[in-house]
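Please examine the following model before reading the report below.

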Amino acid sequence: MRSGATSPNRAARRPAEELMSRLKVGGLTRLTSIDYPGELAAVVYCQGCPWRCRYCHNPDLLSRQRGDGYDWDDVLAFLKQRRGLLDAVVFSGGEPTLQAGLADAIIEVRELGFKVGLHSAGCYPRRLVDVLPLVDWVGLDIKASPERYPATTGVAGSGKRAWLSLELLLSSSVRHEVRVTVHDALLPRGQLSRLLNRLVEAGTQLIVLQACRWHEALDGGIGRASCDWITTELLDQAANGQPAQLLVRP
Ligand code: SF4
């Protein structure tokens, strides 16, 4: 499936505009039961992300260009063979909404009969709006309160974008979950509690706390993290009696 000698030839025959809008794929998981709730799925890892989160565990997917990526046509050919065997295809990353070709790729996948999931950090709210009507489920990462985003992402203004994406998602009818990655140093207990309250106040119904994969982090000095200290008491207090569902994903 990885692009080989045939891909550049195929690429050379395509108009430049079409090539620019083709999805850049950095990786593919052929079967997973944990990336789309309740469905067997394949995951397409989109190449490129504008942020540099200290705990990012996909550093190979951050650059916009990659020499050893997958050709989108090959991914489609694989998916055609999986009709009837897989329920869904998840676009993950990197950051899928970085790419101009995302909507077209989603449409092609829908035409094959798959449900479509999207993992996003909300980096590009406008593109998120464009694809929301095309997807069945979204997992949106919210990393911190807006003003605290740059400490994690390294990018000024990233919090405004992510929280606008949250607002847009919450006002849509698309099924979703909001994911918060927990690391004691980046999101200490008090901040986590305030963040959860803020998410609930914004109208978030399902929040998933996930442990930071600190041992694979982009910033090797980030240190150890675990979810062990997240207690039921903290979750109850954070939810503040409102109807948010809080799950912990180890
Ligand atoms: S937004 Fe996601 S892919 Fe991008 S740097 Fe952060 S964790 Fe990595």
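Which exposed residues does the face of α4 turned away from its buried side carry? They are Ile107 and Glu111, where exposed denotes 12 or fewer other C-beta atoms within 10 Å of the residue's own, buried 20 or more, and C-beta atoms are placed from the backbone.

This is a predicted model, in which local features need pLDDT of at least 70, side-chain atom pairs count only at pLDDT 80 or more, and totals for chains, interfaces and linings use all residues. Residues are numbered from 1 along each chain as its sequence is written. The mean pLDDT (the predictor's confidence in each residue, from 0 to 100) of the protein chain is 87, with 84% of residues at 70 or more. Over residues 1-12, pLDDT stays under 50. Where pLDDT is low, the predicted coordinates should not be read in detail.

Helix α4 (a DSSP run of H or I, at least four residues; strands are runs of E, at least two) spans residues 102-111, and its buried residues are Leu102, Ala105, Ile106 and Val109. Because they cover an arc of only 100 degrees around the axis (from directions to the C-beta atoms), they lie on the same side of α4. The elements against which these buried residues pack are tabulated here.

| Element | Residues |
|---|---|
| α3 | 72-81 |
| β3 | 88-92 |
| β4 | 115-120 |
| α5 | 125-131 |

Ile106 touches Phe91, Val116, Val131, Leu134 and Val135 (C-beta atoms within 7 Å), leaving aside residues up to four places away in sequence. Just after α4, Gly113 adopts a positive phi of about 100 degrees.

Notes
Two residues are in contact if their C-beta atoms, placed from the backbone, lie within 7 Å.
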